[in-house]
Amino acid sequence: MYNHILSIILFTPLVGAILLLFVPKDNKEAIRWIANIFAFVGFLVSIPLVPWFWALVQRQDKAPFKFIEGAVNNWIPSIGAGYVLGIDGISFLLIMLTTLLGWVSILSSWTAIENRVKEYYIWFLVLQTGMLGVFMALDFFLFFVFWEAMLVPMYLLIGIWGGPRKLYAAIKFFLYTLAGSVLMLLGILFLYFNHHAVTGVYTFSIQELYKTAPHVPFHYAVWLFFAFFVGFAIKVPMFPFHTWLPDAHVEAPTAGSVILAGVLLKMGTYGFVRFSLPFFPQVLSNPATFLNVTVRGWMIGLSLVAIIYGALVSLMQKDMKKLVAYSSVSHLGFCTLGIFALTPLGLSGSVLQQINHGISTGALFLIVGILYERRHTREIAEYGGISNVMPVYATITMIMFLSSMGLPLLNGFVGEFTILQGTFMENWKWGAWAVPGVVLAAAYLLWLYQRVFFGTVTNPKNEKLHDLTPREVATFVPLIIMAFWIGLYPKPFFQILEQPVSQIVATVRPDYPQPKGAVNAEQQPASPASASATVVVPAAVVPKTAGGKQ
Amino acid sequence: MDAMLHISTLHYLVLGAALFLLGVIGVLTRRNVVIVLMSIELILNAVNLNLVALSRYWQGVYGPNALHGQVFAIFVITDAAAEAAVGLGILIAFFRNKETINVDEVNLLKW
Amino acid sequence: MGLLSQFSWTDYLLALPIILLTLFALGILLIDFMLPAEMKWANAVTAFIGVLFAAAGVVKIQLWMHANALPGSYGFMRTLLVDRFAIYFFYLFLGGTAVAILMSMRYLEAEHENHGEYYALMLLSVVGMMCMAAGFDIVLIFIGLELMAISTYVLVGFLRRDRRSNEAALKYLLLGAFSSGIFAYGLSLIYGLTGSTNLYEIARHLPAVLQDERKPIAIIALLTTITGLLFKIAAVPFHQWAPDAYEGAPTSITGFMSVAVKAAGWAMLLRILIGSPFLLSGLLAMRSTWVPLLVFVSIATMTGANFAALTQTNTKRLLAYSSIAHVGYMLLGLIAGTVTQLSPDGIKGILVYLLVYTFMNLGAFGVITSLRHKNVIGDELDDLNGLYSRAPVEAVLMLVFLLSLAGIPPLAGFWGKYFIFLSLISSGHYVLAALGVLYSVFGLYYYLKMANAMFMGKVETGEETLPVSLTMRAALGVTGFATLFIGIMPDRFIQMVNWALGIAQNPAIAKLMH
Amino acid sequence: MFLSHIWLIPLLPALGATLMFFFGRRLQKSSVSAVCVGVVVLAFLMACGAVWQYTAWSSTAEHLHQPYQTILYTWLGTDTGHLTYATHDGTPASLQADAGFLLDPLSSIWLLFVTGVGMLIHVYSIGYMGHEGGYYRFFGYLNLFMFSMLTLVLANNYALMFVGWEGVGLCSYLLIGFYFHRKSASDAANKAFIVNRIGDAGFLLGMFFIAWYFGSLRFVDVTAAARSGHFAIGDPIITAATLLLFVGACGKSAQLPLYVWLPDAMEGPTPVSALIHAATMVTAGVYMVARSNALFVLAPKSMMVVAVVGALTAIFAASIGLVQNDIKRVLAYSTVSQLGYMFLALGVGAFAAGVFHVFTHAFFKALLFLGAGSVIHAMSGEQDIRNMGDLAGKIPTTFRTMFVATLAIAGIPGLAGFFSKDEILWQAWKYNHYLWAIGFVTALMTAFYMFRLVYLTFYSKPRMSHEVEHHVHESPKSMTWPLVVLAFFSVTAGYLGVSPSLGGSNHFEKFLEPVFANGAETVEAPPAGEEGNRGIEYLLMVLSVAAAGAGWFMASRAYGNADKGFTEPIAAAAPPVYNTLLNKYYVDEGYDYVFTGRRKLGDVRLGTMGLGEASSWFDANIVDGAVNGAGWITRLTATLSSWWDKWIIDGIGVNGPAILARMLSYPARLFEWGLVQWYALVMTAGLVGFVFYYVYH
């Protein structure tokens, strides 16, 4: 059980989907119960991972990836692709988020979905497996297969159960993401060949590619970085590629947009952290400029634009879901800012902010879904004075708004504070530009809260809205608990992220001041070379990085 | 008498090419399907001419039984015959349905 | 008299599959007279058994070659070379034909054209294909091409009462004959220049020809030959017959044509351009001339086919354009490698692509064939509307085929593209790779159009489930399982292609040129 | 015992708040008030105990003048120090924000008056909010406020202070928006929170500068590092940090650029205005500046900015206060003005004087607000002083206590206001004469508008309608009792810090000595010269008393017996001046046009909303357009190709009009090819094209 836990977590939802195939189509109740049971079992199965992983963290276990499963090329030996699973601190947190949100969203779509219930839950559970696969895959090919396979169920979820313009949104989502991932395929092939050219072995194993990717000459590496960047930036979504998000969100069913915002967007940032940073340190730290701005400068620039631009646009949205969608663009702008600040603070803050965004935006979409289920409209103008009619709903929404806004003692603040501090330490101008995002977040959320909840009930249709049912409250309870836990006591999360983050920073910026009591200090003095001995070629080989502040 | 021009392989090839071009133009411009089929036959005959002329030429190089070209020519002839037969058969079927053998009537299936 | 002595026992062995198929074809023609109307399906069964026998013959050849550890062996005075490459294609043809036969049994009853000649012609066209694949002499290749082409013309025009079928046949015949005429002219010039019809001899003499003043003739010869080749696989400047032929022909024949005939076309193209992977010959010496040509053709094919497919409303015509687009991607495989040196991964890509393409396309056309019942012709896009509620299994299978055609990873279609792009990247054609990759995203748009119709379209006609015959179910089962299985566990099939091309088992780059 | 459990003090109100959150709906009013008020009283007692033990603890030898710290757990960052960053000189430091509490003279003063005034206001609101709806919600928010304020005051590092900082902002948002069915209330709440947030953004940046420059966020470390002498005076980084901190302070304590939210905050219930917008929250800015005095001392430029902004705010707010008619708006502007005084004191380096003024101001301003509350209560909701008058006899206790508070705030000698304000004016004089002049004029204005309020409300002719006049009644015991206590403190609080020139021994300053240990000497004039200009000090004192008297006299003459249609003296003298002052210099409208963009300039919308509209248009048409553009181009070419086929080939060839065909006979015939020839033509064209290509090559 211990060393096959990952496969079990990965395939539980799939087993559920296959089981659902045999349930007769018209027996809706049975289908709903089986789907919910499997979603919950999927979450339960991931629970034992927590104590085991925590034990490893306490023992300060050195292995970069834990719970590794499967040999290097046991899947397709002739091209060197293998079924290898493994997690580290970052993917562990994201997996827990995925299973949690998966269960919450399936629970929340109990009453939302009436037609073709069976296919809905089948595609949803297939989507769940696809997402878990992306976070667990340690083989680049396996990663790519899960990355693309996950598009199909999402496309169908939006396309069949979506809103009025569902076809347009579904096709746009599919084409957009596919275009990005296809470019990524070329990048993968290039690395695959580069690895063969250097070591004479064909393999897709990520740990092997970590060794040879950083030595790709700069003028090739820039194009490679760009190919990966497009793939991940579309997923995040970063500034110029974000236009699919509002359409996909507005048209997707509630549970669909909870999962879309909660987990799918995190794959882009996960991709940056797992692939772009460790593979191309020579690009990120290279002072060469394009339009006299370094590559890293561009990344930071795009994230800052995303923060401010996303917040400004969401300020003026008329449709609630579009507003929350644009707010995700702004929040993920923070995450990418944290990633490209390339400091331990920025990185761990960014991963934590991804978890927070999953929780708070997931909750926001549930909130919008609840109103949509009752009134079948998302126009803000339609509502007013809801807190007179639905007080419990209003309080839960207030808590989630505050968490999303980044109020201290709630999870949003911890992430944003660490990111801002990390970015500020790198270059105070970046930090200064990011801070208005925090103010704008407060502006658009409070203005939304005022227009929907405060004031007297003007629209007669709003009078007889019934407050939250116990099931609906149940969907919020885990999210609120997580929000307060991360807000009040985030230390365990930082400790989990400690090892992966310091390893990534050691690869990308070897001359970054190593922490005094660093994780692997007791081996030898904390020289960067030793810190990353297991994973990366000694720093001496990596071209001297300019590092430091611009 | 030998002042008369000595006919070499090149002349045959030129004739073959001319026949070939005639056939192609015939296929492009004529509107009657039978005429088009005949132009295709023309092209195949051009090929035969080429083959026989070249076979004659190579006989001079490889000795008397280097008759690859002519064997090829025979096969091309049989093929042309088969094609003509099938072509006319299909044309008749087409004619039975549409009472015309005009090429530009063939417009049901479009872009 | 001396000639007879040159035939040896091995010639008969190598020709065994061809002989068996011809015998079965003639047998069907004879039996067809005695069969009463309701027993017509017997022809299909005999045809199917014929294919099985032929397959047994191929296995016998393979075992024999394995016994003597030969990569391949000549036959009929070095005109026929049955090497592993040819055997691979034999299996491909026979597999495609078997599934096509399964698909067409009930279809012909629905069309009331259930005559034996249908299956006889099919077997004969397979004989033609085998000659093209195994032919090492331009005459044999030409004859194989003509045999296949003529039997396919008749098959396309098989629905005598349907005007579209007639028109398609006529159009296909005229253009086919025209292109084989040009092709023959090219071959004659090649013979003229090199003095021999054997590909190896041609390859030996060609470099000398290219040096002196006969080069322009050689170029004309190359161009006219390549016209014939590109016509057969329907690359862009010569592709316009394909949509009409595919749309007009009976759907099962369209399936057969898009899979087996196209694979034969590719076999012939590879034979003539590079000879055998174990004995590189043919027009490889002129690779520096035909690569730029192919670059233009492949880009034109991808652009033309994808753009045209966007606005199609007829499913058969849309799948025709999609198969033309796939030809565009396959041509990239040929282009990969330096201007003078071939890339083994490229050829491997083409072969894998053909294998995977066979199952995907046959499956897709199978679903469209199954739509044909009572009054519905079944090839308009809105016939697919709401297929999900009428035949859920068919709809899901169709989705699998469409996504595989689009190249989504867990399905077989991805593998074809994977190796092609792998070869392009390894030989440095980054721009071409990027272009190819972006076009494949294009492709997804029109596949999704069909998927949308199936899953999200409303059903106008009555809410009755679609009757699907047993054989059709079997055909779809085979193709669906193959698409999924190759997609998820492709290793066995990649090794088969490695075996066919003689690439060493371990993926280190094999030295093809020996 | 109390000292080691100071973390309990903020926790108690938090407990009260959580209880209200979960069970408030089901508890009746009496148990709600018992829990919430009880918790605050307990917190006050613990606070007194803790301060008492601290004074004893800090006077012992080994802890002389040291702040007492207890750290519960590491909140942000891990103790294995992996979250490192490079400080300005490259030494690695790790993010270490722990949930720790610190008690020193400065925080103990704040602790005392926050819990003290808080307790009194809690008692007062039992009566005031008795008949209002959402009783448990009100007390829940009040307790949450007390928790945040106490965390802010007791925090031992900037991060935890920021937690209290934003928590207080949130509670003011919730309490201002308490009557959420009123749009003006929810607008004011939003405005308050967002303006505070702008200030918090400045605070955040200042904090990061400090973390980057000093490597730690703890007050103890930062002050020690600042005083260690490594940093030159006028160091640009420290100046930037202190200025940013001051921006935070402006946001929270409603100084000039960011003061707009305080007057609108009067939408909330009066006890809220008394507690949050008079006594406690608004002084948070002063506390923060006082707490980081070691940094400010190193940045004289920032000190000058603080002083100037304080002075300008003082006079600006006072001038608006002269003409306001809403009783709570007058007091609001007076608070802004008094805060200006406090920042003036801090700016000139007299930290102790500033803190002293905060201490005294808390009492009499809370008293004024509660008094105004009881006046409104008596006048059954009427807030406009123009329709009040002659209430002295009807509500005697409220009148007497408010009169004492007015004397105190005007700076009449003998009461608290006089001592603290005079100290500030004296220090301002030593720093810069112009600042003193501004302070002096403000003192005059303060006296005038306070006595205007008193005369218009309590003396002059009754101007309210008859049934309102009939209903006027004194507030119940639970409301008037806190007023009396506050009145007592308004008088006695002054004697704690009597300056030496008046014979007092200024215990207040001595008590704060350790906190501002080196802060005072460097800036203040050397004590030696004290006797020399003692004379000037007396002169200034006389002048300010005269100003207070003059203000009183002018007000009595103008409004002594104002009747229904009385005219404002300023309106009579200079109507345009009166209008600008009445409309608060049109600042709110200006902000709406320029910064928030709620109002359109013609049809162009500026400000953040304008930017929002522009970017959402840009997003929908340009960025999205580009994507759709790609889709659009493909559809265009596809339709083009089908159009080409329909018209060119079919149109002319087959079903074109017969006339056209015949007319263009020859060329048309060429075109009248069937599709077959068209395909054959394309093939040959392709072939010919290739030939040409090779011929060309």
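## A tour of chains D and C

Start by selecting chain D. Its mean pLDDT is 83, and 90% of its residues reach 70 or more. Stay with residues 519-529 of chain D: there the pLDDT is below 50. Beyond near neighbours in sequence, that stretch has 11 contacts in the model. Remember that this is a predicted model. The model as a whole scores ipTM 0.83 and pTM 0.86.

Next, colour chain D by pLDDT. Which element of chain D has the highest mean pLDDT, and which the lowest? Helix α5(D), residues 158-176, has the highest, at 92. Helix α29(D), residues 665-671, has the lowest, at 41. Now select residues 651-673 of chain D. The pLDDT stays under 50 over this stretch. The model has 18 contacts for these residues beyond four places in sequence.

Move on to helix α17(D), residues 416-431. How far apart should its ends be? The helix has 16 residues, and at 1.5 Å a residue they should span 22 Å. Check the end C-alpha atoms: they are 23 Å apart, which agrees. Now show what surrounds the helix. Of the 16 residues in α17(D), 15 are buried, so the helix is largely enclosed by the rest of the structure.

Last stop: chain C. Select strand β1(C), residues 72-75, and strand β2(C), residues 80-83. The two strands run antiparallel, and four bridges join them. Find G75(C) in the viewer. Opposite G75(C), in β2(C), stands L80(C). Then follow the turn of this hairpin, which has four residues between the strands. Pause at F76(C), which takes a positive phi near 50 degrees.

Note on methods:
Residues numbered from 1 in each chain as written. Chains lettered and ligands numbered in written order. Predicted model: local features only at pLDDT ≥ 70, side-chain atom pairs only at ≥ 80, totals over all residues. Pairing = 2+ DSSP bridges. Expected span 1.5 Å × (residues − 1). Buried ≥ 20, exposed ≤ 12 C-beta atoms within 10 Å, placed from the backbone. pLDDT = per-residue confidence, 0-100. Contact = placed C-beta atoms within 7 Å.
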